[in-house]
Amino acid sequence: MKNVKEYIEANKDRFLNELIDLLKIPSISADTAFSQDVIDAARAVEKALKEAGCDTTEICETDGYPVVFGEKIVDPKLPTVLVYGHYDVQPPDPMNLWDSPPFEPVIKKTDLHPDGAIFARGACDDKGQFYMHVKAVEYMIKEDVLPCNVKFMIEGEEEVGSDSLEAFLDKNRDKLKNDVILISDTGMIANDVPSITTGLRGLSYVEVEVTGPNRDLHSGIYGGAVPNPINILSKMIASLHDENNRITIPGFYDKVEELSPEDRALMAEAPFNVEDYKKALDIGDVYGEKGYTTPERYSIRPTLDVNGIWGGYTGEGAKTVIASKAFAKISMRLVPDQDPDEITQLFMDHFMAIAPKGVKVKVKPHHGGLPYVTPIDNIGYQAAAKAYETTFGKIAIPERGGGSIPIVALFEQILDSKIILMGFGLDSDAIHSPNEHFGIWNYLKGIETIPYFYKYYTELATQQ
Ligand code: BES
Ligand code: MN
Ligand code: MN
């Protein structure tokens, strides 16, 4: 029998090549032009689960893209780990900022990844990260050391809000029944600073449309006398933050959980260097809500950000025009105990209320998601902590994450499970950005660490 390190050493080229093949499929869920590729990715994942040794695999239809399910039941009396991940990816644009094509993976060294990193859309978010689980389970099955049952649920709509998943969970409670849910779709602080994500922010996402005159106008003939929707939208957006960078929507902060000074002090112990942060992003200064540190701003505080804004003439040269319409897409990241539907309603009411009489405003809600915080006094967290200690030789730091995985809060509500977020990516891996990558060291370290989670979890669960 091989131990996990020997197994990885003997198989690492294949592990890399299999991931590279999966990364070649442009499974972009946001763009219907790629719908066949999304389905192809689902099939490839099913095949991978079968080859890893799952007894049952299935492509489960939903109202949207399918969920790939697989399981290996060792003994129904033993605990069951449910692995969640997503095979869909973000659109790669802007294409011209990629150094190599997003769906033609290449391996290159970087300062933070001296052993090389795989550059491709989805390398870190989330194909590379869920595939670590497929390979870790392959090891445990092939070497006959899988200590408990495992189920996989890999979805294809995470990047567009997991809209079909609530109904899917509701209908498949038995099939998905588990003792703990394990996810690698977040990050860690650094390769020598392992961390376990203990919270995710929620999300409310809206699109706004401001209409002025009924047609585009000559900006000389009409300019100065009519409401310019782009000027007005800019002003409305600017008014959504005050001079302390607090959000001005009435009621927005009413339910925000304030952390105790002790919790904030604990957070401040995690290593963070603001100078390195500024340097990595090439910004002259950080920017955010007064009274909070940078790590607090990006994890435990709610936000409002314009994600896109357009209208009028943006082509080459200058065109003198007052547009009829202006648009923006706005995300609000939410923290406990904000509710996405309530926040969307507050936004709508406020945004309509601040519009001057001369324009018409429409607000269209997009997807949302609840925030999530996991306690650390449970055997799932303890098992993860012991696993990191074993393979990193260090105690992992609990860390609240700033991103969102909408399904996580629903897992807890509908399946009544605890969720453990063992992420192996770095913030600098550029998820959702051009030149996304995932360190080969991180990929293999994940495969090495995951089997220890199963071992310790089963030990802790069966002791009770
Ligand atoms: N994997 C990310 C979420 C994430 C990344 C959480 C890093 C914490 C650290 C996920 O795929 C994602 O991008 N989620 C979206 C939300 C979704 C509704 C589009 C997000 O956070 O913007
Ligand atoms: Mn993800
Ligand atoms: Mn993502």
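What share of the 464 residues of the chain count as buried? In this predicted model, the figure comes out at 54%. The fold itself is built from 12 helices and 18 strands. The radius of gyration is 24 Å, close to the 23 Å that the globule rule gives for 464 residues, so the chain is as compact as a globular protein of that length. Laid along the principal axes, the C-alpha atoms fill a box of roughly 80 × 50 × 45 Å. Contacts with a separation of 6 or more come mainly from far along the sequence: 78% of them link residues 24 or more positions apart. As for the outside, the accessible surface adds up to about 21100 Å², and carbon and sulfur atoms contribute 50% of that.

On to the metals. Two manganese ions, ligand 2 and ligand 3, sit 3.6 Å apart, with Asp 125 coordinating both. The bridging residue, Asp 125, is itself buried, at a relative accessible area of 6%.

Taking the manganese ion (ligand 2) to begin with, its donors are His 86 through NE2, Asp 125 through OD, and Asp 185 through OD, the last of these listed twice, at 2.0 to 2.5 Å. The angles among the 6 donor atoms run from 56 to 166 degrees, and the site is classed as irregular. Along the chain, the donors of this ion (ligand 2) follow the pattern H-x38-D-x59-D. His 86 belongs to strand 3 (residues 80–86), while Asp 125 sits in the loop between strand 5 and helix 3, so this pair ties together parts that are 39 residues apart in sequence. His 86 is buried too, with a relative accessible area of 0%.

The neighbouring site, that of the manganese ion (ligand 3), draws on Asp 125 (OD), Glu 159 (OE, listed twice) and His 432 (NE2), at 2.1 to 2.5 Å. This site is likewise irregular, with angles of 56 to 155 degrees among its 6 donor atoms. Here the donor residues are spaced D-x33-E-x272-H. Asp 125 lies in the loop between strand 5 (117–119) and helix 3 (127–142), and His 432 lies in the loop between strand 17 (419–421) and strand 18 (437–439), so these two donors tie together parts that are 307 residues apart in sequence. And how covered is His 432? The residue is partly exposed, with a relative accessible area of 39%, whereas Asp 125 counts as buried.

Between Glu 159 and His 432, both donors to the manganese ion (ligand 3), comes a stretch with a record of its own. An unreviewed UniProt entry places the feature "domain: Peptidase M20 dimerisation" at residues 199–358. Over that range the chain is 28% helix and 21% strand, and the C-alpha atoms at its two ends are 43 Å apart.

Further along, helix 11 (residues 407–415) deserves a quick look. This helix is mostly covered, with 7 of its 9 residues buried. The buried set begins with the run Ile 407, Val 408, Ala 409, Leu 410 and Phe 411, and is completed by Ile 414 and Leu 415. Just after helix 11 comes Asp 416, which has a positive phi, near 60 degrees.

Terms used:
Residues are numbered from 1 along each chain as its sequence is written. Chains are lettered from A and ligands numbered from 1 in the order in which they are written. This is a predicted model: local features need pLDDT of at least 70, side-chain atom pairs count only at pLDDT 80 or more; totals for chains, interfaces and linings use all residues. Side-chain values use heavy atoms; hydrogens and water are left out. Donors are N, O and S atoms within 2.8 Å of the metal (3.2 Å for Na, K and Ca); water is not among the atoms, so sites may look incomplete. Four donors count as tetrahedral if all angles lie between 85 and 135 degrees; four count as square planar and six as octahedral if opposite donors are over 155 degrees apart and all others between 65 and 115; anything else is irregular. Helices (H or I, at least four residues) and strands (E, at least two) are DSSP runs, numbered from the N terminus. Buried means under 20% relative accessible area, exposed over 50%, partly exposed in between (1.4 Å probe, protein chains only). UniProt positions are given in the numbering used here, feature names are shortened, and annotations may be inferred rather than shown by experiment. The radius of gyration is taken over C-alpha atoms; the globule rule is 2.2 Å times the number of residues to the power 0.38. Contact means heavy atoms within 4.5 Å. Accessible areas come from the Shrake-Rupley method with a 1.4 Å probe; for residues, only the protein chains shown count as cover.
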